[in-house]
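Here is a short tour by question and answer. Keep the sequence and the 3D view at hand.

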Amino acid sequence: MRVDIGNALASVASPGVSRDALDQLDETVARAHERIERGRADDEFGYASLNLPERTDAAAIEDAVEPLTDAEAILTVGIGGSALGAATVSQALGGLSADGENADAAPLYVLDNVDPARVREILAEVPLDRTAVNVVSRSGTTAETLSNFLVVREAMEAAGVDWTERTVVTTGEEGPLRELADRHDMPALDVPEGVPGRFSALSAVGLVPAAIQGHDIEGLIEGGRAGADSLAGSLFESPAYAYGAVSYALDQRGASITAMMPYEERLEYFAEWFAQLWAESLGKDGLGQTPARALGATDQHSQLQLYRAGPRDKMVTLVRARERADREIPETDIDGLAYLGGSSLGELLDAEFEATEASLAAAGRPNVRIELDRLDAESVGELLYGMEAACILAGELYDIETFNQPAVEWGKRAARGLLGGGDFEEADAVAEKTELLVK
Ligand SMILES: O=P(O)(O)OC[C@H]1O[C@](O)(CO)[C@@H](O)[C@@H]1O
């Protein structure tokens, strides 16, 4: 993974960071790195995330899913980090749909919301008797995940399918899901101790569908190791720290929004995964950058107008793989389009990547380039690890608690109260809504 922060320098962009300011910040990065390394050495809660490449047992994951590798579809039931990691890994490696290069890989369906229409669509589309159900929840009590699982289980029973033969569980040491797996002797994998869900993609939480699809999960973990090896006491020697430090510095100078804009369809879920990682980790004490999800080249015809000519409150990250499967553009005699003929879609995508990057720089809008050699297991593993390390470094620089998410609990209590799941004052507050209704 290579990170180019040149277009974030004050000589190019406003807001921008001067080289002197980066040099000064680098002293803080060095101390932050020491703190991170102490946390890793002690396997401290949260910091332990950066030890996953050493802890994740690929063989245990492959053994657990072995009975399900005949699946013709995979259904991941989870939410937040308990779904986005799996979706990101599988999509990046080509596994979300059977029409990609991995035509033989079972397509992955992600059930990470409780929209009845979507649940109905998926249950009508997957062959329930030949589907592997991957239900993931650290707590084992998340309402959306457990509700969806109960609905999926009921549909399988109604179809005469033994769901206990088609389900692998990834959960904590205790809780309803663990009890269910134990009761029905189902394969159950452990969520990694001390690792928040949004940091657990390189564990069973994120690797089960990829393992069922036959992807190289050892390679993903090896990529994470490469990410770990690239951590150093200077932002100028560590791509991950360069990204985390520049993001922090730009935010401090007004770039309160960070647009993640991969130029790869297979990284669309990655942008969503990044959004949770960045928002849920850094959105504390009135601080934190707002992640925006974008996709190149598509959003050049959409959000780029705002990124280039709107408020100077954003940074844009452009991500691409240098090697990709390509497709030639046929020659054409259509007036004005002959220049496209004989070129290729990949060349066009690269030209648009570079043009968008230069377009933002020409308007003085800060942007960072992240490049991978290719979208293979090692590169994807290093990218995910690198963003996690960048986030943890940024958390040290903001001096906030990176690894909890207290703000999401209020809404959970309110919803639970509304459903009669307990007596919560938050539910009472719902009834007190200030109303100004316009019909
Ligand atoms: O894995 P669980 O416990 O179901 O949690 C799912 C998601 O919900 C959160 O805890 C937030 O409510 C996320 O941090 C987590 O990724």
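Q: Of the 15 residues around the ligand, which come nearest?
A: The model is a predicted one. Its ligand has 15 residues around it. The ones that come nearest are G80, G81, S137, T142 and G197.

Q: By class, what does the shell around the ligand have?
A: Glycine counts as polar in this sorting. Three residues of the shell are nonpolar and three are charged. The polar residues of the shell number nine.

Q: Into which domains is the protein chain divided?
A: One domain is written in two pieces, 2–38 + 222–398. The other covers 50–215. In that order, they are domain 1 and domain 2.

Q: What distance separates the centres of domain 1 and domain 2?
A: The centres are taken over C-alpha atoms. The two domains also touch, with 25 residues from domain 1 and 20 residues from domain 2 in the contact. Their centres are separated by 29 Å.

Q: Which helix gives the largest share of the side of domain 1 that touches domain 2?
A: Helix 9 (217–229), helix 11 and helix 14 (377–398) each supply at least two residues of that side. By class, this side of domain 1 has 15 nonpolar, four polar and six charged residues. The largest share is nine residues, and it comes from helix 11.

Q: How are helix 4 and helix 11 oriented, roughly parallel or roughly antiparallel?
A: Helix 4 spans residues 81–92 and helix 11 spans residues 268–282. Their axes come within 8 Å and cross at roughly 150°. Angles over 145 degrees count as roughly antiparallel. So helix 4 and helix 11 are roughly antiparallel.

Q: Is the crossing of helix 4 and helix 11 left-handed or right-handed?
A: On one side of the contact are G81, L84, G85, A87, T88, Q91 and A92 of helix 4. They meet E268, Y269, F270, E272, W273 and Q276 of helix 11. By class, this contact has six nonpolar, five polar and two charged residues. The crossing of helix 4 and helix 11 is left-handed.

Q: How does helix 10 lie to helix 14, roughly parallel or oblique?
A: The axes of helix 10 (residues 239–252) and helix 14 come within 8 Å. They cross at roughly 45°. Angles under 35 degrees count as roughly parallel, and 65 to 115 as roughly perpendicular. The angle fits neither range, so helix 10 is oblique to helix 14.

Q: How many charged residues does the contact of helix 10 with helix 14 have?
A: Helix 10 brings P239, A240, Y241, Y243, G244, A245, S247 and Y248. Helix 14 brings G386, A389, A390, C391, L393, A394, L397 and Y398. By class, 13 of these are nonpolar and three are polar. The number of charged residues is zero.

Q: Is the peptide bond from S14 to P15 cis or trans?
A: P15 sits in the loop between strand 1 (2–4) and helix 1 (19–41). Omega of the bond from S14 to P15 is near 0°. That peptide bond is cis.

Q: What is omega for the cis peptide bond from G296 to A297?
A: A297 lies in the loop between strand 8 (290–293) and helix 12 (304–309). The bond that joins G296 to A297 is cis. Its omega is near 5°.

Q: Which sign does phi of D43 have, positive or negative?
A: D43 is found in the loop between helix 1 and helix 2 (52–55). The residue is other than glycine, and its phi is near 50°. The sign is positive.

Conventions:
Residues are numbered from 1 along each chain as its sequence is written. This is a predicted model: local features need pLDDT of at least 70, side-chain atom pairs count only at pLDDT 80 or more; totals for chains, interfaces and linings use all residues. Axes are lines fitted to C-alpha atoms, for helices over the stretch in contact, and angles run from 0 to 180 degrees between N-to-C directions. Helices (H or I, at least four residues) and strands (E, at least two) are DSSP runs, numbered from the N terminus. A crossing is left-handed if the near helix is turned anticlockwise from the far one by less than a right angle, and right-handed if clockwise. Two residues are in contact if their C-beta atoms, placed from the backbone, lie within 7 Å. A residue is near a molecule or strand if its C-beta atom, placed from the backbone, lies within 6 Å of it. Domain bounds come from an automatic or database domain assignment.
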